[in-house]
Amino acid sequence: MIRNFAENQFNMKAAVIHQPGEIPQYEDIADPILKEGQRLGYVKAASIKNIDKSLAKGSHYDKTYRQFPAIVGVDGVAVLEDGTRVYTGSASPYGMMAEKTIVPSGYSIPVPNGLDDITAAALPNPAASAWMALAWRGKIKAGDNVLILGATGITGKLAIQVARHLGAGKIIAAGRNESLFEQLKTLGTDEVISLSQPEEEIKTAFKKAAKEVPLDIVLDYLWGRPAELLLNALTGHDLRAEGKVTRYIHIGEMAGSTIQLPGAALRSTGLELYGSGGGSMSREAAASLFTEIVPAIFRLAAEGKLIIDTEVVPLSDIATAWERAGSNSKRIVVQCG
């Protein structure tokens with residue numbers, strides 16, 4: 001238990017917080033204490049994600065850290081004592097941004113030989129998030145048209161690739177970072193809408209996109225004002241028009257945690273609103289992450305069919321890397337061993 005940290009020798013390094021809201025610090029801490037069914041993992045790499053930061057801040061709906069000090073990092077790549085390299089989560093409060101961690105029973109996936117530690121640590125969270133949203137919530141079929149709101153972010157760029165792999169028809173990307181628009185096209189986007197232009201022009205672009213092809217699925221990583229503009233564009237103005245089902249899937253809230261939703265948006269369209277996240281999954285869907293989805297993501301990545309831009313930092317730089325994470329289009333990966 002974490003209460004025994006003080007009783008043991010401080011013989012490993014980790015990214016540690018002592019209360020919610022702290023910036024993790026590079027500190028000495030005791031080795032994990034294993035319980036029955038758990039294994040020791042020597043951590044190779046762990047990425048810094050929005051969920052890591054919100055959990056450490058105490059603002060996430062899953063209040064994971066209930067004991068302190070705690071080690072941050074929900075997932076990563078570790079090597080077991082028998083030499084097996086795995087992608088795994090850890091047993092709180094032993095996070096993955098440490099030299100060693102606990103590998104819970106039944107919560108690890110072998111990493112294929114053709115995949116490096118950095119990519120294997122960076123890919124699963126954003127790629128699986130997009131995959132689950134498209135396949136489980138969106139019920140994507142071959143030829144379905146997909147609009148991705150927040151496509152220039154790390155997860156948005158992966159969502160483009162996953163949507164293309166799952167057979168999407170037209171893929172429309174909407175994002176703010178115009179310097180990445182050419183990259184979005186190489187990843188599989190057919191059309192890009194800039195969210196940096198005036199709001200009236202954004203609404204016009206959304207309306208034009210929805211008029212040209214039926215929008216079967218929307219993946220929304222932004223929420224806030226961009227979501228309001230898109231929903232306004234999707235709102236119908238013809239009582240005799242035939243409703244077309246659009247599955248609108250809320251995943252992230254980088255642009256705000258709330259929106260104003262006019263009732264007309266629901267009455268005048270075939271709009272279906274969903275959320276996609278840990279607490280919204282069925283047990284069957286959650287189980288498929290480990291049995292099907294992440295293994296498939298690893299196979300695609302090993303074949304060069306899924307890519308993610310990364311920046312590697314040593315564990316000792318955790319404090320500065322933590323503050324920078326999420327401010328650019330690269331996933332920061334902490335190299336732990």
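Here is a short conversation about a predicted model, covering one of its sheets, a helix and some salt bridges.

Student: Which strands stand at the edges of the open sheet of 6 strands?
Tutor: Let's walk along the sheet, whose order is β11-β10-β9-β12-β13-β14 with parallel pairing. A strand at an edge has a single partner strand, so one side of it is left without a neighbour in the sheet. The two that fit are β11 (191-194) and β14 (270-275).

Student: Nice. Which residue in β11 does G175 stand opposite?
Tutor: Start from strand β10, which covers residues 171-175 and pairs with β11 in the parallel sense over 4 bridges. Opposite G175, in β11, you will find S194.

Student: Helix α6 packs on this sheet; what angle does its direction make with that of β11?
Tutor: Helix α6 spans residues 199-212 and touches β9 (146-149), β10 and β11. Its direction and that of β11 make an angle of about 155 degrees.

Student: Within α6, is K203 buried or exposed?
Tutor: K203 meets E200 in a salt bridge between their side chains, at 3.0 Å from N to O. Both lie in helix α6, 3 residues apart, about one turn of the helix. E200 has a relative accessible area of 53% and is therefore exposed. K203 has a relative accessible area of 16%, under the 20% cut-off, so K203 is buried.

Student: How many residues apart in sequence are the parts that E212 and K170 tie together?
Tutor: The side chains of E212 and K170 meet in a salt bridge of 3.6 Å, N to O. E212 lies in helix α6, while K170 is in the loop between α4 (154-165) and β10, so the pair ties together parts whose separation in sequence is 42 residues.

Student: And which residues do salt bridges that share partners join into one network?
Tutor: The E212 and K170 pair is a good place to begin, since their side chains meet in a salt bridge. Through shared partners, one network joins K170, E191, K208 and E212.

Student: How far apart, N to O, are D28 and K13 in their salt bridge?
Tutor: D28 lies in strand β2 (residues 25-30) and K13 in strand β1 (residues 10-17), so their pair ties together parts 15 residues apart in sequence. D28 counts as partly exposed at 42% relative accessibility, and K13 counts as partly exposed at 23%. The N to O distance in their salt bridge is 2.9 Å.

Student: Last one: how much accessible area does the nonpolar patch on the surface have together?
Tutor: The patch is formed by L261, L266 and L273. L261 is found in the loop between β13 (245-250) and α8 (264-267), and counts as partly exposed at 34% relative accessibility. Together the three leucines have an accessible area of about 230 Å².

How values were computed
Residues are numbered from 1 along each chain as its sequence is written. This is a predicted model: local features need pLDDT of at least 70, side-chain atom pairs count only at pLDDT 80 or more; totals for chains, interfaces and linings use all residues. Side-chain values use heavy atoms; hydrogens and water are left out. Two strands pair if DSSP finds at least two bridges between them. Contact means heavy atoms within 4.5 Å. Axes are lines fitted to C-alpha atoms, for helices over the stretch in contact, and angles run from 0 to 180 degrees between N-to-C directions. Patches are made of residues with over 30% relative accessible area and no salt bridge: like charges are joined within 9 Å, nonpolar side chains (Val, Leu, Ile, Met, Phe, Trp, Tyr) within 5 Å. Accessible areas come from the Shrake-Rupley method with a 1.4 Å probe; for residues, only the protein chains shown count as cover. A salt bridge is a side-chain nitrogen of Lys or Arg within 4 Å of a carboxyl oxygen of Asp or Glu. Buried means under 20% relative accessible area, exposed over 50%, partly exposed in between (1.4 Å probe, protein chains only).
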